[in-house]
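Let's take a walk through this one together, going from the layout of one chain down to a pair of helices and back out to the contact between chains. Keep the viewer open as you read.

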Amino acid sequence: MSHNPKQSELTPSRRAFLKAAGLTGATFALGLSGTDLLASPVHNLSAQPGLAQAEAAELTPYVLIDKSGQITLMNPRPEIGQGTYQSVPALIAEELEVSLDKVIIRQTGGEKKYGGMWSQAVGGSGSIRGGYTQMRKVGASAREMLIKAASGQWNVPVEECYAENATVIHKPSGKKLTYGQLAETAAKLPVPKEPKLKDPKQFTMLGKSIPRPDVPTKVNGQAKFGMDAKVAGMLYASIERCPVLGSKLVSFDAAQALKVKGVQKAVKVERVMGKNRYEGVAILADNYWAALQGRKALKVQWDHQHHDTFNSVDYEKSLRNLEKADGVVGHNAGDFDKTFAEAPTKLEAFYETPMVSHSPMEPMNALAHYQPDDKIELWVSTQGGDLVKDEVAKVLKVSPDNVTVHVMFNGGGFGRRLTQDFATEAALLSKTVGKPVKVVWTREDDTSLGPFRPLTFSAMRGALSADGKAVAFQHKVISPSIDATMSDKYDKTKPDGTMLEGTGEQKYEIPNLSTRYVHSDIHIPLTYWRSVTSSTVAFAHECFLDEMAHKAGKDPMAFRLSLLTKDTDARRMMTKLKEVSGWDKPLPAGKGRGVAQWEFFAGLAGQVVEVSKNKSGGITVDKVYCVIDLGTVVNPDTVKAQVEGAIAMALTAATKDGITFANGRTVQTNFDANRMLRIQEMPEVEVHILAEGGPTIKGVGEPGLPPLAPALANAVFAATGKRVRKLPFDLEKV
Amino acid sequence: MAAVKLTINNQVHTLDIDPQMPLLWAIRDVVGLTGTKFGCGIAQCGACTVHLDGNPIRSCSFPVSAAAGHKITTIEGISKNGDHPIQKAWIEHQVPQCGYCQSGQIMSALALLKQTPKPTDADIDAAMQGNICRCGTYNRIRQAIHTASTEMTSAPKLPKSAPKIGER
């Protein structure tokens, strides 16, 4: 595949992302009315109407207050369903002493003053753990500036003044000034670098289940997603790309397509994704239906580059053939080989997990308006306004300053919207045709074109001492690599931290631990999926530990706790899980329970799954208990919702279809074959949050996912005596 | 192209469009009501659910010509101020996460509660299994339907000043 090497930009590595995720933009700007934020057409699309803020004073880039007292808080973390539209502004509002229902919340669009790459993105469960102190400081700084402005006006000591309900009050005299009255003066003051933060005991919002301000707009049809963005004169585009990924466009004939009423143009367009370039033909029309009809009438010749022979059966076989390969050493403690060789009891097992799609309910889409002066404006559902700005600038070869991004509500993300290929498609098309262009993918496009979560296979080996203790444990991951499919600078000689994620991080006190990575090439684009590789490797890791417990004749919970003797978060979490799940209470015949836990970059959670054999001979998932360890919690109800969602997503990935290939293309193209969990399949979920303080704040969005599949498979074993070592598995055919 | 007359939320729209265009795109792109969502295009996910004479249909797979002369209701038309008991219950239980599927979920729930004012869990499963929520809000949807059912079927509360009737 030929491409301009200058355009071949690396997908920002997970490591770089995680580093940046902990550092939201720390720069404070001063002065009146950041006009670049204002008066843009996004106002017509925003979740909340009436955003006219022509004379708003900017206390920090995140806090704007106009003379009427209307406060606008800028939220750098896109809302993809995880609740950052409430939880992040709440961090500012708590310290600013304003109620969230009185402020307007707006999304930042990648502007420099809100921080560099990845600081305006959502992923890695990083919004709260990365921004908790930073965003509180933003609010506290603005509060101190307003108090200082008031004390100056009254000519009284700062110490005699305090803020409450968007008002500064002089305690001795009872005099009051509203934030609106103070904003202009306050904005001229220097921003305190180390403002005094509130004592958590005085919190009125943080730690409480405050209703989300986006929810009312999501029950009346008013919330505006990328899909809903419109500008005058825009054309709708549907793009025909080869379902055999990696094919080249030979020629196309649009004569019939152009005859469809409403179809305006047919043009070539490139899909850019990391090192990958995919050619396609866009049909542009007055309405989306016409674009779809035109696309159907299009005749395209592809050169499949031999990729049409690719199929999952052979690829999976090739991974199994790598079972004995040495691979690259990841984690190494003690001497696994020697201990394993000499141990009285040994176990080996092979685990398999599938490729899956992200399938957010809102298909990929973007609206781009390229203007003759090389400026471009985009409206897009994305997990990072900064990512869109940067990627569009690179692909169009313009300065990022020329790119304005309006971040809309996301109809789901799950990692898919960390890749901005759909945004650059719209940008390229708008530049080509000289009109605003809205690209809308079909569900078939979304399901069949990737990027996908990688499949991972795991070769497990373990050894028990004579008294049944786990003394050696090896996890060898055999898989394609996310980074290798996106970057042409991938180094196969180095351990792939993303593909070994979490395997060396569990707190189990096993003296001889070895992790290895065996890489396998693939031409299919792969990317992060909610909880990344933990979503697959935890299955092998925690099921195999169950196998060891069984071999040792021990209870799976007791076996784990015997390996967690030190005072760790993992031990506290598991102890709590044992208690809340009623682990020691016997279950009736035909029922079983299983346990699993997982600790990784995003956080820590454990689950107990209860299943029963149903009348049709299958398995019903009755209930899931989850303990998630956070340290500090911002919105308990949001956490609960995220865990419920993670469980639904994990259950889908474990028991539905996954993505498989035949003749170079995905077998599944829509929800008929790529089935999702439905309401009657959702188990009861009971969530317990550990928020006992401490310096560490852990993530929310992802940790609820990895324990589900292994806890479920372990429960199936408990109920039926059958080991599930391959995902997905059909609950009705265990 | 032909003129198609659609009655959406009690408003009549005369549209010059392809009669084969699915109702979804007529509602979204032509009329401009964007609360109804595109999810799959093959009637598998329910995000596009609207009512045709009070019955739920998947508008992505329903030609606009077949909707002419019928009463169409979208999420924008179920209450003036977003205060239908179902909407209130959805807020009370904080059902939506990303929210993209929720218009369709609510339209399916509304049809269920019209047909079956006091649904059992099995009734809810049967009526709601055509609506996918990828965020996994299903348990909250179930709770919210029960809450809405209670409000919609309980006797209207009398104002305090009203005389008490039948008191012995």
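What follows begins with chain B, turns to chain A, and ends where the two chains touch.

Keep in mind that this is a predicted model. Start with the overall look of chain B: its C-alpha atoms fill a box of roughly 70 × 35 × 25 Å, taken along the principal axes. Inside that box you'll find six helices and five strands. Read from the N terminus, the elements come in the order β-β-α-β-β-α-β-α-α-α-α, so to speak the road map for the rest of the tour.

Now zoom in on a hairpin. Strand 3 of chain B covers residues 49-52 and strand 4 of chain B covers residues 55-58; the two run antiparallel and are joined by four bridges. If you want a place to check the register, look at Thr49(B), which sits opposite Arg58(B) of strand 4. Two residues lie between the strands of this hairpin, and in the turn Asp53(B) has a positive phi of about 50°.

Next, slide along to helix 3 and helix 4 of chain B. Their axes come within 10 Å and cross at roughly 125°. That angle is why helix 3 of chain B counts as oblique to helix 4 of chain B. The crossing of this pair is right-handed. Which residues make the contact? Helix 3 of chain B brings Ile86(B), Gln87(B) and Trp90(B), while helix 4 of chain B brings Gln102(B), Ile106(B), Ala109(B), Leu110(B) and Leu113(B). Sorted by class, the residues of this contact are six nonpolar and two polar, with no charged ones.

Over to chain A. This chain is divided into domain 1 (14-218), domain 2 (226-306 + 364-440) and domain 3 (312-356 + 452-733). Where domain 1 of chain A meets domain 2 of chain A, 21 residues of domain 1 are in contact with 25 residues of domain 2. The domain 1 side of that contact has 10 nonpolar, nine polar and two charged residues.

Finally, pull back to see both chains. Their contact involves 47 residues from chain A and 46 residues from chain B. On the chain B side, the elements that give two or more residues are helix 1 (23-31), helix 3 (85-92), helix 4 (102-115), helix 5 (121-128) and helix 6 (138-153). Helix 6 of chain B gives the most, with four residues. By class, the side of chain B that touches chain A has 23 nonpolar, 16 polar and seven charged residues.

Conventions: Residues are numbered from 1 along each chain as its sequence is written. Chains are lettered from A and ligands numbered from 1 in the order in which they are written. This is a predicted model: local features need pLDDT of at least 70, side-chain atom pairs count only at pLDDT 80 or more; totals for chains, interfaces and linings use all residues. Two residues are in contact if their C-beta atoms, placed from the backbone, lie within 7 Å. Ala, Val, Leu, Ile, Met, Phe, Trp, Tyr, Cys and Pro count as nonpolar, Asp, Glu, Lys and Arg as charged, and the others, Gly among them, as polar. Two strands pair if DSSP finds at least two bridges between them. Axes are lines fitted to C-alpha atoms, for helices over the stretch in contact, and angles run from 0 to 180 degrees between N-to-C directions. Angles under 35 degrees count as roughly parallel, over 145 as roughly antiparallel, 65 to 115 as roughly perpendicular and the rest as oblique. A crossing is left-handed if the near helix is turned anticlockwise from the far one by less than a right angle, and right-handed if clockwise. Domain bounds come from an automatic or database domain assignment.
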